[in-house]
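Trainee: I'm new to this structure and would like a close look at one part of it. Please pick a helix and walk me through what it packs against.

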Amino acid sequence: MSTDDKLLYLSRPDIESLGLTAADTVAQIEHLCRERDAARVLNAPKSLLRPVDDVLFMSTLAVSEDPPFMAVKALGANAANAHQGMTTIGSTITLFDRATAYPVAIMDGAWITEIRTAALSAVAARHFARKDSETIAFIGSGAQARSHLDAFLDFCPLRHVRIFGRGEANRRLLAQKAEALGLTVTDCDDPRSAIEDADIIVSSVPLATGLKPFLQTDWVKPGAYVNLLDLARTWRLETLDQFDRIIIEDAAQEAEMERQMIPASLIGEDLLDLVTGRIPGREDESERIAFIFRGLAIGDLALAILAYERAQETGVGIYLER
């Protein structure tokens, strides 16, 4: 590891040019989950500050023995940015050498947040989505929808995409992406028509003042797999117990949160249980299974390590003086 006076900087275009795939990230996340189970990875609960309703600041922190790194991410989100043609999230990640405790890289965190979130979904979907899933529905059509489409195409024979979202520009971008991949696209006028008969459902509606739940589980067909990226804010709470199984990403982290995503009585299993084999994947083709999560620092660490190592191999990025 380098302990000199140089610090690698990776911009978003730098990271996007590295060719990191969902499969790369899924493998790294699963490795770090197993390492955490063996007490060789430490993952701190998220830290959150919300100065006003539509603005959120957050940090994540995780450290591993193999590979020997620590990553800390700082992220800000402002829902009002979308009305000004700006992205809603800004983020940076600092990567440290675990042995020396020196920072070795600073990188854009927005793309990593998008891809690691899709990779966490993919870890769960590999175990819970039916192998014959052909239709995916997106409730919310922004960056997370686009990254999830890429991730799920790696292991599902998708043919059809349904879209329900408020932002015309985002709907158009998602539709263009899907069509370029050879998929058929339906732009839906209401959420129920998007969800009904879909094999996979991804809800990623951004936080906004006054948002009221408008999705319900009885629209979900038997055998469907559902990713609730929006902390279940868009789903009617009284219908969630209609899912056959609900999995979250980290029960220990959730217990530390000031406000839990869903009632504790609905939480039974988490991603660590799944990856380590303590719980099974899909057991019945008719199960309706939901994965609800707020994000895990291990995911940021996994992608930051991959980006740093690939950048060193390929000479991407610039070095800054400390």
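**Helix α3 and its two partners**

Mentor: Let's take α3, starting with α4: these two helices are oblique to each other, because an angle counts as oblique when it is not under 35 degrees (roughly parallel), over 145 (roughly antiparallel) or 65 to 115 (roughly perpendicular). Here the angle is about 45°, and the axes are 9 Å apart. Axes are lines fitted to C-alpha atoms, for helices over the stretch in contact, and angles run from 0 to 180 degrees between N-to-C directions. To find the two, look for residues 110–128 (α3) and residues 143–153 (α4); helices are DSSP runs (H or I, at least four residues), numbered from the N terminus.

Before going on, keep in mind that this is a predicted model, where local features need pLDDT of at least 70, side-chain atom pairs count only at pLDDT 80 or more, and totals for chains, interfaces and linings use all residues. Residues are numbered from 1 along each chain as its sequence is written, and side-chain values use heavy atoms, with hydrogens and water left out.

Back to the pair: α3 and α4 cross in a right-handed way, meaning the near helix is turned clockwise from the far one by less than a right angle. On the α3 side, T113, E114, I115, T117, A118, S121, A122 and A125 are in contact (heavy atoms within 4.5 Å). Across from them, α4 offers A143, Q144, S147, H148, A151 and F152. That α3–α4 contact is made up of seven nonpolar, six polar and one charged residue. Ala, Val, Leu, Ile, Met, Phe, Trp, Tyr, Cys and Pro count as nonpolar, Asp, Glu, Lys and Arg as charged, and the others, Gly among them, as polar.

Now for the other partner, α2, which covers residues 22–37. Its axis and that of α3 come within 9 Å and cross at roughly 75°, so α2 and α3 are roughly perpendicular to each other. From α2 come T25, V26, I29 and E30. From α3 come I115, R116, A119, L120, A122, V123, R126 and H127. Sorted by type, the α2–α3 contact has seven nonpolar, two polar and three charged residues.

To tie it together, put I115 and A122 on your screen: these α3 residues take part in the contact with α4 and also in the contact with α2.
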